[in-house]
Amino acid sequence: AYAANVRYGHPSNTMIVIGVTGTNGKSSTVNFTAQILTQLGYRVGFTSTAGFTIAGREIVNTMKMTMPGRFVLQKLLGDMVDAGCQYAIVETSSQGLVQYRHIGVNYDVAVFTNLTPEHIEAHGGFENYTYTKGLLFQHLGRSARKRIGGKSIPKANVVNTDDDHAPFYASFPADTYVTFGFQGEERANHLLAHVRYPSPTGVIFSVNGIDITLPLLASFEHKNALAAIAALVGAGIPLSVVMNAAAKLKSVPGRFEMIDCGQPFTVIVDYAYEPYALLAL
């Protein structure tokens with residue numbers, strides 16, 4: 001990882017890098033974050049289980065892994081820099097963390113979505129799995145702060161407080177802390193969301209008193225949209241600006257995707273591969 005970082009010229013030092021970890025919702029959160037940034041006029045790249053995107057150019061992820069290893073991740077980040085990307089979003093898995101694939105990636109924002117049992121055999125128990133996710137936040141706090149466009153970029157810790165494991169991930173050092181969820185009290189650094197269902201095409205989505213019509217129907221999509229909104233607030237973009245762009249979000253392909261080919265019945269495709277993901281539907 002160190003060699004790859006040198007080989008491609010430390011690419012993450014010239015972009016704002018957002019890392020997303022957790023058990024469920026990572027790919028959708030990455031995609032929603034990229035969609036919002038694109039709506040705001042930024043050039044964006046991301047890596048995820050669902051695929052890679054570099055300034056609008058889509059690349060199929062044929063590696064069968066969430067977080068590429070060896071030199072692939074750093075090359076993708078280098079390609080993003082060459083394409084003029086200002087933001088990079090990296091879906092950061094526990095497998096990638098334990099295998100040091102994050103080394104050399106200078107993250108600015110670390111996002112925790114949720115934690116449920118997965119990859120337990122590979123990590124030797126749920127406690128180890130929990131700790132491994134924390135390596136992203138530990139790495140964030142130890143990474144050098146960047147200067148981009150003459151501005152110092154703070155390190156932001158963004159955590160879903162609806163999850164019981166939130167205190168652990170919120171305990172790591174950072175410059176800025178943002179929490180989010182559908183529970184708790186509205187505060188300047190806590191994004192509290194509410195959902196109301198007005199029609200079959202979307203919901204009224206409220207975050208800290210700002211209402212938008214969100215064109216997403218599944219409850220887990222609402223959670224992932226909130227995580228994306230919180231990530232960008234953590235990156236320093238005003239909530240009102242982020243919410244206006246979030247009103248144009250589209251479902252991620254393969255995630256509660258409605259298939260309409262004129263058939264007289266409803267078809268929904270969803271990549272739910274373990275019990276908690278199925279319950280989230």
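In this predicted model, Lys-133 has plenty of company: leaving out residues up to four places away in sequence, Lys-133 touches Thr-21, Gly-22, Thr-23, Lys-26, Ser-93, Ser-94, Leu-97, Leu-115 and Tyr-169. The residue sits in helix H6. With a relative accessibility of 2%, Lys-133 counts as buried, because the cut-off for that label is anything under 20%.

One of the contacts of Lys-133 is Lys-26, and that leads straight to helix H2, which covers residues 26-39. A quick check of the helix geometry works out well here. At 1.5 Å a residue, the 14 residues of H2 should span 20 Å, and the C-alpha atoms at its two ends are indeed 20 Å apart, so the two values agree. Eleven of those 14 residues are buried, which means that H2 is largely enclosed by the rest of the structure. The buried set is made up of Lys-26, Ser-27, Ser-28, Thr-29, Val-30, Asn-31, Phe-32, Thr-33, Ala-34, Ile-36 and Leu-37. As for what does the covering, strands E1 (16-21), E2 (44-48) and E5 (87-91) are included, along with helices H6 (126-142), H8 (219-234) and H9 (239-246). Just past the end of H2, Gly-41 takes a positive phi of about 95°.

The loop between H2 and E2 is also home to Arg-43. This residue has a relative accessible area of 42%, so Arg-43 is partly exposed. Arg-43 still has contacts from elsewhere in the sequence: not counting residues up to four places away, Arg-43 touches Ala-55, Ala-83, Gly-84, Cys-85, Gln-86 and Tyr-87. Take Gly-84 as an example: 41 residues separate this glycine from Arg-43 in sequence, yet their C-alpha atoms are 6.6 Å apart in space.

Gly-84 comes just after helix H3 and takes a positive phi of about 80°. In H3 itself, which runs over residues 72-82, the buried residues are Leu-73, Gln-74, Leu-76, Leu-77, Gly-78 and Met-80. These pack against helix H1 (2-7) and against strands E2, E3 (51-54), E4 (57-59) and E5. E2 and E5 are thus partners for H3 and also part of the cover over H2.

Two of the helices that cover H2, namely H8 and H9, also pack against each other. Their angle is about 145°, and their axes lie 9 Å apart. The crossing is right-handed. On the H8 side the contact involves Ile-229, Leu-232 and Val-233, and on the H9 side Leu-239, Val-242, Met-243 and Ala-246. Sorted by type, the residues of this contact come out as seven nonpolar, no polar and no charged.

Some of these names turn up again in the nonpolar interior. The largest nonpolar core has 43 residues, and the ones that touch the most other members are Ile-18, Ile-36, Ile-89, Leu-191, Phe-205 and Ile-229. H8 supplies the largest share of this core, with eight residues. A second, separate core holds 28 residues, including Met-80, Cys-85, Tyr-107 and Leu-140. Leu-191 gives a good idea of how one core member is surrounded. Apart from its neighbours within four places in sequence, Leu-191 is in contact with Val-178, Thr-179, Phe-180, Gly-181, Val-207, Asn-208, Leu-226, Ile-229, Ala-230, Val-233 and Leu-239. Among them, Ile-229, Val-233 and Leu-239 also take part in the contact between H8 and H9.

A couple of backbone oddities deserve a mention too. His-10 has a positive phi of about 50° even though this residue is not a glycine. His-10 is found in the loop between H1 and E1, and a relative accessible area of 36% makes this histidine partly exposed. Phe-256 is another such case, with a positive phi of about 45° and again no glycine. Its place is the loop between H9 and E14, and at 18% relative accessibility Phe-256 counts as buried.

Strand E14 itself covers residues 257-259 and contains Ile-259. At 28% relative accessibility, Ile-259 counts as partly exposed. Setting aside residues up to four places away in sequence, Ile-259 touches Val-267 and Val-269. Val-269 is ten residues along the chain from Ile-259, and the C-alpha atoms of the two are separated by 7.3 Å.

Definitions and conventions
Residues numbered from 1 in each chain as written. Predicted model: local features only at pLDDT ≥ 70, side-chain atom pairs only at ≥ 80, totals over all residues. Heavy atoms only, no water. Helix = DSSP H or I, 4+ residues; strand = E, 2+ residues; numbered from the N terminus. Expected span 1.5 Å × (residues − 1). Buried < 20%, exposed > 50% of the residue type's maximum accessible area, 1.4 Å probe, protein only. Contact = heavy atoms within 4.5 Å. Axes fitted to C-alpha atoms, helices over the stretch in contact; angles between N-to-C directions. Left-handed = near helix turned anticlockwise from the far one by under 90°. Nonpolar A, V, L, I, M, F, W, Y, C, P; charged D, E, K, R; others polar. Core = buried A, V, L, I, M, F, W, Y, C linked by side-chain atoms within 4.5 Å.
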